[in-house]
Amino acid sequence: MNRKLRRFIAPGVLVALVLAFVVVRQSTGDDEPAGASAVNEGPKSARGFLEPPALAAKVAAGKLPPIDQRLPEQPFAVGDGTLLQKEHMDWQDGKYGGTFKGAATFPTGWVNIAGGATILRSPSQSTGVSAPNIVSEFSYTDDYKTFKFTIRKGLRWSDGVPLTTDDVRFAFEDMYQDKEVQLPWPTELFTQGDARLGPAKLKVVDKYSFELEFSKPYGYFIANLNSWIPYYNMLFKPAHYLKQFHQKYAKPDALAALVKKNRRANWVQLITYKDVPHWDVGAPQALGLPTLNAWVLSQSTENRSVYDRNPYFWHVDKSGHQLPYVDQVVIDRVVDPDALTNAVLAGQVSLASGGEVSLNKMPVYKQNAERSKFRVFTSKSFNNPLLLFLNQDYQYQNPAGAWQKLMADPAHRFSKAVAAAVDTEGISKSVYFGLYEKLGPEWQGHDPGLAKQLLDEAGMNRTDGKGFRLGPDGKPFVLRLTHAAGSPDFDPVAELLKEQLEQVGIKVEIERVEGTLFDQRKAANQIMASMAWNDGPAWASGISEDYLPASKGPWSPATWTYFTSNGKEGRKPPANMQKFYELATARKAFPPESPEGKKLYEELVTWLRENYAFIPTAGVRVTPNIVDTRLRNVPKEGSPYELDTYINAEALWFADE
């Protein structure tokens with residue numbers, strides 16, 4: 001095997017030199033540049049850092065070590081082009097202070113994607129830079145089988161305990177491999193994301209260094225290390241904290257008391273309850289959990305979650321600030337999206353983006369902006385527009401049924417007819433004020449005449465007394481469209497789809513369900529057709545791969561079950577689906593942004609489009625972002641991803657009014 005290594009060194013190795021320059025420059029008495037006013041916020045430490053005022057009292061009382069002792073030997077240097085590309089944000093070193101106000105329908109709010117603690121870091125939603133973040137050194141062999149890591153020396157959990165390879169060993173040996181715990185392996189830790197190929201083999205070298213070895217080339221793993229979706233806790237878990245819930249380490253009486261206190265049935269349920277995934281860092285069970293995130297949960301009630309700055313967060317700017325700039329995040333609970341909109345309009349939210357805002361609310365946002373002291377700008381999106389998914393596995397146990405006859409057609413005439421019936425430009429004008437960009441020529445355009453012709457050819461050439469088409473079996477046919485109303489545009493888009501499909505003779509029934517029920521039906525393969533977003537713009541870089549058949553909208557969930565269970569459950573993929581799995585697996589051998597990775601990705605998306613894995617309902621998505629007028633380091637108008645408004649939160653700071 002080729003053991004040649006490609007090595008990446010953390011940008012933090014330059015921090016000492018940069019800060020030394022800043023300290024010397026300050027001593028000359030020269031005026032500081034605009035945006036660096038924070039150098040006057042207080043005296044600098046021996047290492048050139050500025051103590052956050054919010055922590056000064058604890059430091060003075062001896063309850064918290066001073067900043068020089070809290071930061072690792074090599075902090076991660078943040079500046080122009082580090083978190084977002086230079087063309088998408090005008091960076092300014094900021095100043096400490098303030099509170100982010102937020103509102104959400106669930107405890108965590110946007111903090112679950114704003115932690116800043118990915119293992120590697122590339123600007124925005126890219127993965128090509130792969131700067132060491134949690135680690136100080138990262139390398140891999142040319143065959144993409146072995147990956148080597150060195151943890152930053154002196155990096156600490158939010159409670160001050162050092163991060164070491166003990167935390168990696170605990171994750172592997174005491175969680176994933178423990179015969180009683182059996183915490184499911186993250187898909188990302190299987191070779192090429194395929195359970196059949198087995199998980200990574202861990203080799204702990206010393207206190208700070210470890211290696212992961214895969215059985216086949218797995219260059220895509222580099223993207224997973226950059227992504228905020230699997231995040232750091234697929235490799236690092238706070239062993240010193242979780243051991244109190246593990247039978248191997250805890251005293252029996254103490255463990256039994258904790259099981260009872262937390263109302264769990266046994267210690268296995270307890271430890272999996274306390275090993276909180278990053279999506280739920282605002283839930284009550286996350287209180288006390290040490291984290292690497294920029295903010296730490298300090299309060300979680302039915303009505304509010306509060307996060308305070310992490311004293312040990314290891315990102316710094318060139319002026320010597322320890323990020324985040326903002327001291328606190330407060331997320332108030334709201335009952336539904338309408339209540340969230342009302343909170344935004346009332347000025348009770350410091351920033352809102354993604355699923356929390358919708359373009360069809362743009363006029364009312366602008367009407368209230370000045371009064372509520374926020375500004376609105378638009379960006380492109382991390383998500384595709386709402387997509388229509390036709391479940392190719394629905395009722396697959398009945399291959400002679402109408403639906404399976406339509407789905408098994410190698411020419412995809414029914415799916416193509418549906419795509420031709422959908423007027424994406426009309427939906428864009430009606431729901432999104434015509435601001436969504438047009439789809440490219442590679443997509444099926446609006447052509448009702450073609451739709452009718454294809455439906456006739458597919459065996460749906462007979463109608464009932466009301467003009468609706470019968471199925472290929474001659475029986476009444478209804479397309480049941482299920483959605484969970486994830487944002488305000490779901491309902492109007494669903495109604496327009498119903499209208500457009502019925503114009504070509506397909507009867508449609510809309511079923512709006514709660515999110516948990518949607519997920520349950522998806523898991524049980526009980527959804528015929530659905531509507532949802534997915535993360536299409538982030539597929540090329542590898543940040544997300546929710547094009548998989550059972551992700552946001554199910555389009556072949558039973559074959560995915562077969563694939564992930566190694567054939568023990570689910571449906572054996574038909575020939576065309578087997579091709580999908582071959583392409584999806586082949587892509588995993590290379591880093592997504594490598595030449596090989598890009599070529600395979602193009603083949604994959606061509607397959608998805610030509611096989612109608614999903615059908616766009618509108619053009620390229622544009623979305624509003626709402627931010628407090630005082631905030632700085634905000635992404636620019638027209639930037640490529642709205643979620644960067646949240647993911648960049650550690651860099652946001654409040655200017656004086």
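Here are three short exercises on this predicted model, each with a worked solution. Residues are numbered from 1 along each chain as its sequence is written. Local features need pLDDT of at least 70 and side-chain atom pairs pLDDT 80 or more, while totals for chains, interfaces and linings use all residues; side-chain values use heavy atoms, with hydrogens and water left out.

**Exercise 1.** Work out where Ser 639 sits and whether it is buried or exposed.

*Solution.* Start with the chain: Ser 639 is in the loop that runs between strand E22 (631–632) and helix H20 (644–647). Helices (H or I, at least four residues) and strands (E, at least two) are DSSP runs, numbered from the N terminus. Next, take its relative accessibility, which is 4%, so Ser 639 counts as buried (under 20% relative accessible area, with a 1.4 Å probe and protein chains only). Lastly, look for contacts (heavy atoms within 4.5 Å): leaving aside residues up to four places away in sequence, Ser 639 touches His 88, Thr 378, Ser 379 and Lys 380.

**Exercise 2.** Find which strands stand at the edges of the sheet E3-E13-E11-E10.

*Solution.* First, the order E3-E13-E11-E10 gives an open sheet of 4 strands with mixed pairing (two strands pair if DSSP finds at least two bridges between them). Strand E3 (99–104) and strand E10 (295–300) each have a single partner strand, so they are the edges. Now zoom in: E3 pairs with strand E13 (residues 328–333) in the parallel sense, over 6 bridges. In one of these pairings, Gly 102 has Ile 331 of E13 as its bridge partner.

**Exercise 3.** Say how far apart the end C-alpha atoms of residues 132–545 lie.

*Solution.* UniProt, in an unreviewed entry, lists residues 132–545 as "domain: Solute-binding protein family"; such annotations may be inferred rather than shown by experiment. The end C-alpha atoms lie 22 Å apart, and the span is 28% helix and 17% strand.

How values were computed: Buried < 20%, exposed > 50% of the residue type's maximum accessible area, 1.4 Å probe, protein only.
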